[in-house]
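Dear colleague,

I am handing over the structure below, and after it I set out what was found. Please read the notes with the coordinates open beside them.

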Amino acid sequence: VPSTCAAADTIAIKGLSFHATSSEVLFGSSSVSPTAVSSDGTVLTVVVPSGSDTAVSVKVRKPDPADSTAYLTSNILSLTRS
């Protein structure tokens with residue numbers, strides 16, 4: 001994830017196991033669906049939403065297959081939205 005970006009930029013997030021249909025990206029309190037996930041599940045791309053907050057915490061989550069009431073959540077990434 002870059003340290004800064006603008007609304008409508010497309011960013012790539014590298015990870016271990018993203019899923020195209022169940023991954024969700026949280027920009028602060030705004031939820032965004034990924035635009036694409038690489039075939040091996042290690043890179044997720046997402047369009048940065050607009051918003052009034054500039055310092056944004058980014059998390060990726062997906063439903064926990066072992067517990068349908070819980071989510072598996074990534075580490076928190078930080079970026080500045082211009």
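D64 is buried and yet has no salt bridge, the nearest side chain of opposite charge being that of K62, which is 8.9 Å away; please keep in mind throughout that this is a predicted model. K62 is likewise buried without a salt bridge, and for K62 the nearest side chain of opposite charge is that of D64. The cut-off matters here, because a salt bridge requires a side-chain nitrogen of Lys or Arg within 4 Å of a carboxyl oxygen of Asp or Glu, and the separation between D64 and K62 is 8.9 Å. D64 is placed in strand 7, which covers residues 55-64, and K62 lies in strand 7 as well.

What surrounds these two charged residues? Leaving out residues up to four places away in sequence, D64 touches A70, Y71 and L72, whereas K62, counted in that way, touches S17, H19, S22, S23, Y71 and L72. A polar atom of the D64 side chain also lies 2.9 Å from the backbone nitrogen of A66.

Turning to the charged pairs that do meet, how many salt bridges does a search of the whole structure find? The search finds 2. In one of them R61 pairs with E24, with the closest N and O atoms 2.4 Å apart; since R61 lies in strand 7 and E24 in strand 3, this pair ties together parts that are 37 residues apart in sequence. R61 counts as partly exposed, at 22% relative accessibility, while E24 is among the buried residues of strand 3. The backbone pairing involves these two residues too, in that R61 in strand 7 is the bridge partner of E24.

In another salt bridge the side chains of D53 and R81 meet, at 2.4 Å from N to O. D53 lies in the loop between strand 6 and strand 7 and R81 in strand 9 (residues 77-81), so that this pair ties together parts that are 28 residues apart in sequence. D53 is partly exposed, with a relative accessible area of 32%, whereas R81 is buried, with a relative accessible area of 4%.

As for the strands themselves, strand 3 and strand 7 run antiparallel and are joined by 4 bridges, and strand 3 also pairs with strand 4 (residues 30-32), again in the antiparallel sense, over 3 bridges. In that second pairing, S31 in strand 4 is the bridge partner of L26. The hairpin of strand 3 and strand 4 has 2 residues between the strands, and in this hairpin G28 takes a positive phi near 60°. Within strand 3, E24 and L26 point one way and V25 and F27 the other way, although all of them are buried. In a regular strand, side chains alternate between the two faces of the sheet.

There is also an open sheet of 3 strands in the order 2-6-5, with antiparallel pairing. Its edge strands are strand 2 and strand 5 (36-37), each of which pairs on one side only. Strand 5 and strand 6 are paired over 2 bridges, and V37 stands opposite L44 in strand 6.

The largest nonpolar core has 14 residues, and those with the most contacts inside it are I13, V25, F27 and V46. At least two residues of this core come from each of strand 2 (10-14), strand 3 (24-27), strand 6 (43-47) and strand 7, and strand 7 gives the most, with 3 residues. In soluble globular proteins, nonpolar side chains tend to be buried together.

Two loop residues deserve a look while you have the model open. A8, in the loop between strand 1 (4-5) and strand 2, has a positive phi of about 80° although it is not a glycine, and A8 is exposed, with a relative accessible area of 58%. Most residues other than glycine have a negative phi. I76, in the loop between strand 8 (67-73) and strand 9, is exposed as well, with a relative accessible area of 54%. Leaving aside neighbours within four places in sequence, I76 is in contact with S57, V58 and K59; from V25, I76 is 51 residues away in sequence and 11 Å away in space, C-alpha to C-alpha.

With kind regards

Note on methods: Residues numbered from 1 in each chain as written. Predicted model: local features only at pLDDT ≥ 70, side-chain atom pairs only at ≥ 80, totals over all residues. Heavy atoms only, no water. Buried < 20%, exposed > 50% of the residue type's maximum accessible area, 1.4 Å probe, protein only. Lys, Arg positive; Asp, Glu negative; His and termini not counted. Polar contact = N/O pair within 3.5 Å; in protein donor to acceptor, adjacent residues only side chain to side chain. Contact = heavy atoms within 4.5 Å. Core = buried A, V, L, I, M, F, W, Y, C linked by side-chain atoms within 4.5 Å. Pairing = 2+ DSSP bridges.
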